[in-house]
Amino acid sequence: MQNTLHDVIIVGGGPAGLATAYLCHKNGLSYLVLESGKAIFQGIANTYPSGKLVYASKPKDAPDPFMVEELSPPDKPVTVESYLQYVQHFVQHEKLNIQTEVSFEDIKEERDGLIVSTSKGNFRGRKVVLSFGSNIPRELSVYGNAKMVAKNVDDTGKYIGIKTLVIGGGNTAADVIINILKAKREVNDTHPVYWAHKAEIFDVNKETAQRLGEEILLGGNIRLLPGAMPRIGEVDDEGVDRLVIRINEFKQSDGIDLYHALSFPMANVIACIGSQGPMPIFDKLGIQMIACTAGVCKVAKDGDRLVLLSAEFESTRKGVYVIGGAISPSFMKINEGAIAEEKHPNLIYTAINDAYLVVEAIRKKLAKTVGAV
Ligand SMILES: Cc1cc2nc3c(=O)[nH]c(=O)nc-3n(C[C@H](O)[C@H](O)[C@H](O)COP(=O)(O)OP(=O)(O)OC[C@H]3O[C@@H](n4cnc5c(N)ncnc54)[C@H](O)[C@@H]3O)c2cc1C
């Protein structure tokens with residue numbers, strides 16, 4: 001075990017974790033970032049398609065500016081590659097204290113604070129900030145083995161010359177489609193991209209819809225499959241794993257239903273069906289969650305469990321804070337004795353501004369502790 005007792009151990013080196021680190025650095029708190037990936041911002045590097053533009057999006061009702069301007073994407077969107085490069089330079093320039101390829105496992109109490117156990121041993125901190133994002137992908141609930149389905153796109157080139165199926169009705173799916181259409185357009189590949197969503201309506205923001213519209217006007221070949229349900233993962237006669245997706249269903253009076261379905265090789269399928277959040281980790285840590293019941297939640301669905309946090313993002317494990325994508329799209333906030341669902345959009349803005357609030361709270365608490373000694 002490392003003997004150094006840091007003021008703050010930060011788990012995850014994405015926008016939330018790095019903003020926390022930078023603010024600790026600026027405020028004279030000792031800290032260490034533990035990142036499981038090979039480099040900082042691994043979550044973004046893994047999930048954004050190459051060439052994707054990064055937007056400095058802000059929720060409509062958010063009054064504050066980006067509280068760590070240094071990590072905010074520029075107002076004029078840049079590609080994810082340039083944003084990552086810029087952040088790398090910034091981290092090197094500020095000499096932020098980061099250890100990569102260290103995977104977080106557990107937290108235990110000790111007399112002076114907390115012990116964080118990881119794949120590379122134990123680290124000690126007075127406070128722990130969990131900022132490991134939300135990228136625990138939801139699995140497709142289909143029979144058979146659908147594990148081969150790509151969860152995101154890191155190389156659009158793989159989809160050139162083939163019919164591609166993208167599943168999911170939100171911005172991430174739309175972003176992936178835009179990038180594949182663009183890559184196909186550049187090499188005159190006319191094979192379509194099928195866009196399937198289990199609901200009848202696709203739910204994308206205006207900005208994404210505009211970019212998608214542009215791609216279509218420029219010749220993007222897209223086929224919409226609203227109301228389509230992935231049903232079976234199967235292996236065909238040639239040993240190819242396939243995904244069968246039902247696109248129409250006709251109920252017959254004789255009780256025998258008629259279906260139309262398409263079958264895609266799994267390698268052609270990209271599932272952008274969101275993430276289930278890091279609930280298993282919260283359970284393991286004994287962080288309390290509250291189930292949404294009887295229509296109490298507006299963002300989350302009935303039955304979803306939301307992590308319970310104070311207004312300063314402290315969990316029910318004392319000294320353990322949770323911020324950023326890990327608590328999106330909503331959490332249960334304890335405020336002045338009441339508990340209510342709090343909307344928390346999964347944006348770089350939210351991640352960065354959570355960090356600001358948390359570091360302010362930790363500064364106050366640590367100052368109090370020092371004062372009390
Ligand atoms: C395709 C796509 C496009 C998007 N486009 C935009 C956009 O244009 N503008 C915008 O504002 N937002 C966008 N978002 C959302 C934005 O990327 C997230 O809100 C943001 O990355 C959340 O930051 P975070 O630090 O909380 O989590 P992450 O960025 O996910 O960072 C978490 C970090 O923790 C690490 N980690 C995970 N588990 C462990 C572990 N056990 N131990 C140690 N480290 C761990 C991960 O490797 C990762 O580096 C997009 C998201 C996607 C998927």
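In this predicted model, contacts that reach far along the sequence stand out: of the contacts in the protein chain with a separation of 6 or more, 68% join residues 24 or more positions apart. Of the 373 residues, 37% count as buried.

The overall dimensions come next. A compact globule with 373 residues would have a radius of gyration near 21 Å, and the protein chain agrees with this because its value is 22 Å. Along the principal axes, the C-alpha atoms fill a box of roughly 75 × 45 × 40 Å. If you trace the chain, you will meet seven helices and 20 strands.

The chain is also divided into two parts, domain 1 and domain 2. Here are their bounds:

| Domain | Residues |
|---|---|
| domain 1 | 5-134 + 312-326 + 343-372 |
| domain 2 | 156-271 |

Taken over C-alpha atoms, the centres of domain 1 and domain 2 are separated by 35 Å. Where the two touch, domain 1 brings five residues to the contact and domain 2 brings five residues. The side of domain 1 that touches domain 2 consists of two nonpolar, two polar and one charged residues.

Now for the ligand. It is surrounded by 36 residues, and the closest are G12, G14, G43, G133 and G324. By class, this shell holds 16 nonpolar, 18 polar and two charged residues. Helices α1 (15-26), α2 (42-47), α4 (171-186) and α7 (348-372) each supply at least two residues of the shell. Which helix gives the most to the shell around the ligand? That is α2, with four residues.

Technical notes: Residues numbered from 1 in each chain as written. Predicted model: local features only at pLDDT ≥ 70, side-chain atom pairs only at ≥ 80, totals over all residues. Near = placed C-beta within 6 Å. Nonpolar A, V, L, I, M, F, W, Y, C, P; charged D, E, K, R; others polar. Domains from an automatic or database assignment. Contact = placed C-beta atoms within 7 Å. Rg over C-alpha atoms; globule rule 2.2 N^0.38 Å. Buried ≥ 20, exposed ≤ 12 C-beta atoms within 10 Å, placed from the backbone.
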